[in-house]
Amino acid sequence: MRLFYLIKKEFIEIFRQKELLPLIFIAPIIQIIMLGYVVKTDIKNIPVEIINLTSNKIAARIINRINSTPLFRVKAISDQNKDTVELLKRGQVKAVIIFKDPPRQNPLNYPEIQISLDGIDSNTSLIAAGYFNGIIKKFLLDNLKKAGMHQPAMSKTLIRFNPTLESINYMGPGIVALLLTIISLFFTSISIVREKEQQTMDTLLISRLTPIEIYLGKAIPTSIIGLINMSLGIAAVMIWFRVPVRGNLLYLLLASIIFLSALLAYALLISVITSTQQQALFFAWFTMLTFMLLSGLFTPIENIPPGLRILADINPIRYLIKIIREIFLKGNGIEYFYKELLYLLAIASVTVTVSVINFKRLISK
Amino acid sequence: MPALIEIKDLTKKFGHFTAVNAINFSIRQGEILGFLGPNGAGKTTTIKMINGLLKISSGQVLIKGLDARKNRREIKKITGYMSQKFSLYPLLTSLENIEFFGGISGLSRHNIQKKKEEIQPLIPRPILTQKIVDIPPGMKQKIALFVCLMTDPEIILLDEPTSGVDPEVRRNFWMEIYQLKKSGKTILVSTHNLDEVEYADRIIIIHRGNIILEGEPSELQARQGKDSIEALFKDAIINYDNQLSRTGGAECSD
């Protein structure tokens with residue numbers, strides 16, 4: 001019953017801060033939609049300039065194909081030779097494609113094609129090169145087919161779980177995990193330190209509340225808000241971006257609760273060891289950034305160097321993101337991600353223990 | 001009257017720094033003990049050791065014969081505490097604060113409701129439904145005292161309860177404290193407002209973590225040949241500091 005009064009008080013305090021409410025419940029949805037667009041790795045409309053120095057008909061047909069694909073946006077086609085380096089230097093285009101007369105010894109009369117790419121944005125350049133090679137390959141295969149010939153080797157690629165390779169399907173669930181982290185971490189990290197600042201911590205400590213009740217009274221309200229936020233986030237990626245949810249969301253609830261116990265224990269630890277809300281927010285910000293970079297959301301975990309991999313291994317967001325993707329895209333059940341759940345459980349056990357020990361130390365200094 | 005609280009060689013150290021230095025005193029049942037001292041003298045540290053908010057470095061606090069270190073739960077039940085800043089939640093209304101503190105003190109729903117009714121004649125209705133952040137300090141003080149007394153504690157520890165309020169509010173506050181004494185409560189009040197000493201049965205002057213004077217205000221004045229408490233207080237502090245500089249002793253404050 002005492003815990004009920006503490007939880008009620010926490011909720012009143014949160015809901016009385018009217019300027020904070022939109023930040024808690026509306027901003028995350030806007031963020032998720034914005035991030036959903038921003039972090040898309042699909043590259044379309046790459047600006048290119050075409051220099052066609054030949055009257056070759058095949059060249060004209062390939063140019064047509066480049067023109068009609070949404071992957072490239074042809075900014076100019078000219079029949080005059082230009083300095084490609086200068087064109088890329090100006091930054092108006094990311095690629096320059098030059099078509100030249102076929103070499104004399106070429107019996108099929110295919111033009112010579114050269115593509116120059118702006119390598120500063122290595123990702124876009126590599127993707128542009130891939131797109132371009134794909135167009136040429138498709139063109140050649142179509143020609144072989146027309147001539148009644150078969151291609152020398154056959155390969156068929158089947159892409160499962162995300163057949164259209166939409167990056168939002170991959171990033172969206174990860175962003176939901178990130179959202180849960182941001183809200184819970186920031187809110188909880190200031191909860192105890194605020195009590196210290198306004199001297200109400202003393203009153204809590206001399207009341208009949210036990211340390212565990214105080215601890216739970218701080219953790220439960222932010223967990224509930226975090227879970228509401230996560231649900232809104234899931235609804236946003238499902239409705240707005242049409243990200244499929246193929247698995248059982250109850251598993252996600254279970255994983256989120258374990259994840260939250262680890263995260264909130266860490267946030268409470270921050271709140272215990274700091275003396276001002278400003279310090280707590282700084283700690284929370286630093287933690288969030290580290291967790292985010294080592295979460296596998298933006299770069300695959302496998303790409304993280306071995307030294308930093310240890311940090312990634314103890315990063316709870318990493319496991320939550322993996323579980324969310326398994327549930328969302330693969331529709332997997334617990335038998336496919338029980339290991340991640342166990343890792344989360346282990347991290348939660350350690351952080352809760354350390355945090356409770358530190359909290360008890362605070363109240364008996 | 002028997003001693004309800006006994007303080008024996010009570011010491012608090014923060015690292016190498018001694019905030020309270022082996023002090024001894026007792027508080028008799030039903031008396032008001034004024035705990036005087038300049039800022040940083042060790043008043044709050046002592047009170048926080050008595051109510052268990054600070055760990056005792058050495059020495060003993062006995063409340064009704066119970067060791068405060070070993071019997072925190074029992075002692076919580078018989079003590080009320082009001083801190084310097086009133087310790088109310090600024091975003092909650094007065095009534096919500098009362099409900100909250102009643103709830104975490106283990107009062108039943110029925111008793112909380114009774115307490116909410118009891119405060120009605122004491123505080124104007126609009127104040128009760130206003131957020132604490134928006135009400136004047138005098139009202140905050142009144143509500144903080146009401147909250148402190150909600151569980152009807154035998155011992156009341158008040159840490160500078162009159163700081164930041166105007167003289168009239170202070171006078172009224174002390175009237176209430178006097179009524180509490182009459183009803184049998186034992187009260188320890190820390191203050192640096194020397195004019196409040198007239199309300200105390202006995203006073204203790206603490207400076208740099210040491211008790212430098214103890215007794216009934218009038219008796220102390222007579223003994224030291226001073227015509228006012230202000231003069232008594234100033235003299236005691238100056239004498240102590242002079243003695244300290246003569247002996248070259250390194251002393252402490254919190």
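# Notebook: helix α6, the sheet of chain B and the contact with chain A

I began with α6(B) and listed its buried residues, which are Met139(B), Lys140(B), Gln141(B), Lys142(B), Ile143(B), Ala144(B), Leu145(B), Phe146(B), Val147(B) and Cys148(B). I note here that the model is predicted, and that everything below is read from it.

**Entry 1, helix α6 of chain B.** I then looked at the helix as a whole and found that α6(B) is mostly covered, with 10 of its 12 residues buried. I asked myself which elements the buried residues of α6(B) pack against. They pack against β6 (79-82), α3, α4 (109-119), α5 (125-128), β7 and α7, which belong to chain B. I also checked the length of the helix: at 1.5 Å a residue, the 12 residues of α6 (residues 137-148) of chain B should span 16 Å, and because the end C-alpha atoms are 16 Å apart, the two agree.

**Entry 2, the sheet of chain B.** Next I traced the strands and wrote down an open sheet of 6 strands in chain B, in the order β6-β7-β8-β3-β9-β10, with mixed pairing. The edge strands are β6 and β10 (210-215) of chain B, and each of these pairs on one side only. From one strand to the next, the twist averages 15°. I followed one pairing in detail, that of β7(B) and β8(B), which is parallel and runs over 5 bridges, and in it I found Ile156(B) opposite Ile187(B) in β8(B). I then returned to the helices: α6(B) packs on the sheet, where it touches β6 and β7 of chain B, and its direction makes about 160° with that of β6(B). α7(B) packs on the sheet as well, touching β3, β7 and β8 of chain B, with its direction at about 155° to that of β8(B).

**Entry 3, strand β3 of chain B.** Is β3(B) buried or exposed? I found that 5 of the 5 residues of this strand (residues 32-36) are buried, so β3(B) is largely enclosed by the rest of the structure. I noted the two directions of its residues: Ile32(B), Gly34(B) and Leu36(B) point one way, Leu33(B) and Phe35(B) point the other way, and all are buried. For its neighbours in the sheet, I recorded that β3(B) pairs in the parallel sense with β8 (residues 186-191) of chain B over 5 bridges, and that Ile32(B) stands opposite Ile187(B) in β8(B). β3(B) also pairs in the parallel sense with β9 (residues 202-207) of chain B, over 4 bridges, and there Leu33(B) is opposite Arg202(B) in β9(B). I marked Ile187(B) in my notes, since I met this residue opposite Ile156(B) and again opposite Ile32(B).

**Entry 4, Pro161 of chain B.** I looked up where Pro161(B) lies and placed it in the loop between β7 (155-159) and α7 (167-182) of chain B. Why do I call Pro161(B) buried? I call it so because 25 other C-beta atoms lie within 10 Å, and a residue counts as buried when there are 20 or more. Leaving aside neighbours within four places in sequence, I found Pro161(B) in contact with Met82(B), Gln141(B), Phe173(B) and Val189(B). Gln141(B) is one of the buried residues of α6(B). I also took one distance to that helix: the C-alpha atoms of Pro161(B) and Ala144(B), 17 residues apart along the chain, are separated by 9.1 Å.

**Entry 5, chain B against chain A.** I turned to the contact between the chains, in which 21 residues of chain B are in contact with 19 residues of chain A. On the side of chain B that touches chain A, the largest share, 4 residues, comes from helix α3 (residues 94-104) of chain B. That side of chain B divides into 9 nonpolar, 8 polar and 4 charged residues.

**Entry 6, the sheet of chain A.** In chain A I found an open sheet of 4 strands, ordered β2-β1-β3-β4, with mixed pairing. The edge strands are β2 (72-78) and β4 (112-117) of chain A, each pairing on one side only. Within this sheet, β1 (residues 46-52) and β3 (residues 95-100) of chain A pair in the parallel sense over 5 bridges, and Val48(A) stands opposite Ala95(A) in β3(A). Helix α6 (residues 122-146) of chain A lies across β1, β3 and β4 of chain A and runs at about 160° to β4(A).

**Entry 7, confidence.** I closed by noting that chain B averages a pLDDT of 90, with 97% of the residues scoring at least 70. For the complex, the predictor gives an ipTM of 0.86 and a pTM of 0.79.

Definitions and conventions. Residues are numbered from 1 along each chain as its sequence is written. Chains are lettered from A and ligands numbered from 1 in the order in which they are written. This is a predicted model: local features need pLDDT of at least 70, side-chain atom pairs count only at pLDDT 80 or more; totals for chains, interfaces and linings use all residues. Two residues are in contact if their C-beta atoms, placed from the backbone, lie within 7 Å. Ala, Val, Leu, Ile, Met, Phe, Trp, Tyr, Cys and Pro count as nonpolar, Asp, Glu, Lys and Arg as charged, and the others, Gly among them, as polar. Two strands pair if DSSP finds at least two bridges between them. Axes are lines fitted to C-alpha atoms, for helices over the stretch in contact, and angles run from 0 to 180 degrees between N-to-C directions. pLDDT is the predictor's confidence in each residue, from 0 to 100. The expected span of a helix is 1.5 Å times one less than its number of residues.
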